[in-house]
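This report was prepared for a reader who wishes to relate the sequence to its three-dimensional arrangement. Please consult the structure shown here alongside the text.

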Amino acid sequence: MTHSGIGYDLHRLVEGRKLMIGGVEIPFDKGSQGHSDGDVLSHALCDALLGAAGLGDIGAHFPDTDPKWKGASSLIFLEHTKKLLADRRLRIVHVDAIVVCERPKLGPHFPAMRSALAKSLGITAEQINLKAKTNEGVDAIGRGEALAAHVIATVQAH
Ligand SMILES: [Zn+2]
């Protein structure tokens with residue numbers, strides 16, 4: 001049995017915050033606003049995996065009202081999600097993602113992101129595909145006020 005899940009996330013880009021995407025700190029003059037480290041890709045990926053497993057969403061597992069998650073590395077969410085999937089004998093087959101961000105250029109950071117995400121999930125970097133898009137200058141993302149991620153994850157029962 002193969003199941004797929006979809007994940008989406010958006011964060012505001014603000015000054016005075018680190019820009020964490022896919023578990024990697026990207027040098028930039030703004031960063032993601034958020035209770036945790038604001039890692040838009042890790043959050044969308046977490047939701048996609050939880051969706052594929054039929055386990056609800058990231059807010060139910062890691063509420064942003066819980067001080068435990070303040071400033072937390074989002075890779076912890078992925079490691080916890082990996083355990084939830086393993087408990088249900090679900091294996092991650094493949095992940096495909098789009099990060100929508102006007103600036104900075106993300107492509108050069110993809111190898112590091114794939115390896116950080118793969119390590120947290122106990123899979124190989126080859127099982128993770130990352131794509132970058134700009135928003136062609138349109139809307140808040142196009143103005144550089146926010147960034148977003150879309151992820152689809154496929155899991156298999158074994
Ligand atoms: Zn988020």
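The sections below treat strand pairing, the nonpolar core, the zinc site and one loop residue.

## Strand pairing around β5

The model is predicted. Strand β5, residues 90-100, runs antiparallel to strand β7, residues 146-157, and 10 bridges join the two. Within this pairing, Val100 lies opposite Ala148 of β7.

β5 also pairs with strand β6, residues 128-133, here in the parallel sense and over six bridges. Val95 faces Ile128 of β6 across this pairing. The connection involves helix α4, residues 110-121: β5, α4 and β6 together form a right-handed β-α-β unit.

## The nonpolar core

The largest nonpolar core comprises 46 residues, and those with the most contacts inside it are Ile21, Leu41, Leu49 and Met113. Two or more residues come from each of β2 (19-21), β3 (24-26), α1 (40-52), α3 (75-87), β5, α4, β6 and β7. Helix α1 gives the most to this core, namely nine residues.

Leu41 illustrates how these parts meet. Leaving aside residues up to four places away in sequence, Leu41 touches Ile21, Gly22, Ala97, Val99, Met113, Leu117, Leu130, Ala149 and Val151. Among these partners, Ile21 and Met113 are, like Leu41 itself, listed with the most contacts inside the core.

## The zinc site

Which residues coordinate the zinc ion? The donors are Asp9 through OD, His11 through NE2 and His43 through ND1, at 2.0 Å. Along the chain they follow the spacing D-x1-H-x31-H.

The two histidines link distant parts of the chain, since His11 belongs to strand β1 (residues 2-14) and His43 to helix α1, 32 residues apart. Both His11 and His43 are buried. Helix α1 thus supplies a zinc donor, His43, and also gives the most residues to the largest nonpolar core.

## Ser74 beside the zinc ligand His43

Ser74 is located in the loop between α2 (58-61) and α3. Is Ser74 buried or exposed? Ser74 counts as buried because its relative accessibility is 0%, and the cut-off for buried is under 20%.

The contacts of Ser74, not counting residues up to four places away in sequence, are Ser36, Asp37, Asp39, Ser42 and His43. One of these partners, His43, coordinates the zinc ion through ND1.

Methods. Residues numbered from 1 in each chain as written. Predicted model: local features only at pLDDT ≥ 70, side-chain atom pairs only at ≥ 80, totals over all residues. Heavy atoms only, no water. Pairing = 2+ DSSP bridges. Helix = DSSP H or I, 4+ residues; strand = E, 2+ residues; numbered from the N terminus. Right-handed = clockwise from strand over helix to strand, strands pointing away. Core = buried A, V, L, I, M, F, W, Y, C linked by side-chain atoms within 4.5 Å. Buried < 20%, exposed > 50% of the residue type's maximum accessible area, 1.4 Å probe, protein only. Contact = heavy atoms within 4.5 Å. Donors = N, O, S within 2.8 Å, 3.2 Å for Na, K, Ca; no water.
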